[in-house]
Amino acid sequence: MPEQPVLQHSAPRTQGKRLVMVNGVPASGKSHIATRLATETGWPLLTLDQIKEPFMRQIEGIDRPMNRKLGIAAYQVIWSIIAAAPAGNTFIVDAWFGFQPKADLAGFIEAAGIDRVAEIWCQIPGEMAAQRYSSRLGARLPGHPGAEYVAELQQLADRAEPMQLGPVWVADQRSEIDFNGLIHWTQEIVNQA
């Protein structure tokens with residue numbers, strides 16, 4: 001019987017997974033940055049809304065407490081997907097991470113086998129966040145918070161901070177984002193030996 005060839009890997013395997021958190025309050029520019037980063041790198045992008053909104057299209061009469069429950073469930077789905085993925089993958093997650101306790105986030109990261117985290121913090125003044133959110137009200141699905149949320153969002157944006165579970169790049173929404181620099185920085189962080 002002929003001897004079977006031994007398969008050899010040409011490059012060492014990465015032991016863990018990598019996470020790029022695109023974090024910020026609603027209307028802070030997360031989706032634009034996350035989508036551009038995913039397009040440029042080819043890394044999979046997971047967002048709360050892409051998981052939540054199919055349910056919002058099927059369920060009528062979603063109020064703020066139900067929206068919050070859907071958000072928590074979507075957050076858990078994201079971590080389940082990452083945990084089930086093989087080692088060596090890099091994921092981009094677009095979310096307002098501050099809506100859940102930081103200790104929960106750290107636990108999800110550990111349980112998912114993530115060993116490198118880069119955070120892109122979408123910094124935005126409250127007034128600007130409120131204006132952006134107000135301008136999008138007509139385009140949002142029923143079930144998302146409406147005009148009554150604008151004042152709350154303005155206060156939230158003025159006090160919100162990054163999670164700081166890894167290196168942080170501040171994407172200040174008051175000026176043009178240096179996407180080339182941002183992509184280079186992100187790749188450096190997640191590809192560190």
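The protein contains 7 helices and 5 strands, where helices (H or I, at least four residues) and strands (E, at least two) are DSSP runs numbered from the N terminus. The model is a predicted one, in which local features need pLDDT of at least 70 and side-chain atom pairs count only at pLDDT 80 or more, while totals for chains, interfaces and linings use all residues. Residues are numbered from 1 along each chain as its sequence is written, and side-chain values use heavy atoms, with hydrogens and water left out. Followed along the sequence, the elements appear in the pattern β-α-β-α-α-β-α-β-α-α-β-α. The C-alpha trace spans about 75 × 40 × 30 Å along its principal axes.

A good place to begin is the sheet. Its 5 strands form an open sheet in the order β2-β3-β1-β4-β5, with parallel pairing; two strands count as paired if DSSP finds at least two bridges between them. At the edges stand β2 (45-47) and β5 (168-172), each pairing on one side only. From one strand to the next, the twist averages 20°. Strands β1 (residues 17-23) and β4 (residues 114-123) are joined in the parallel sense over 7 bridges, and V20 stands opposite A118 in β4.

Helices pack on this sheet. Helix α1 (residues 30-41) touches β1, β2, β3 (90-95), β4 and β5, and its direction makes about 165° with that of β3. Here contact means heavy atoms within 4.5 Å, and angles run from 0 to 180 degrees between N-to-C directions, with axes fitted as lines to C-alpha atoms, for helices over the stretch in contact. Helix α7 (residues 179-190) lies across β1, β3, β4 and β5 and runs at about 160° to β4.

Two helices also meet each other. The axes of α5 (residues 126-135) and α6 (residues 150-159) come within 7 Å and cross at roughly 145°. The contact involves G126, E127, A129, A130, Y133 and S134 of α5, together with V150, L153, Q154, A157 and D158 of α6. These residues divide into 6 nonpolar, 3 polar and 2 charged, with Ala, Val, Leu, Ile, Met, Phe, Trp, Tyr, Cys and Pro counted as nonpolar, Asp, Glu, Lys and Arg as charged, and the others, Gly among them, as polar.

Finally, there is the largest pocket. It is lined by 29 residues, of which P26, K52, W96, R140 and Y149 lie nearest its centre. A pocket is an open set of points on a 1 Å grid over the protein atoms alone, where a 1.4 Å probe fits, with protein on both sides within 12 Å along at least five of seven lines; lining residues have an atom within 4 Å of a point. Helix α3 gives the most to this lining, with 4 residues. By class, the lining of the largest pocket has 10 nonpolar, 9 polar and 10 charged residues.
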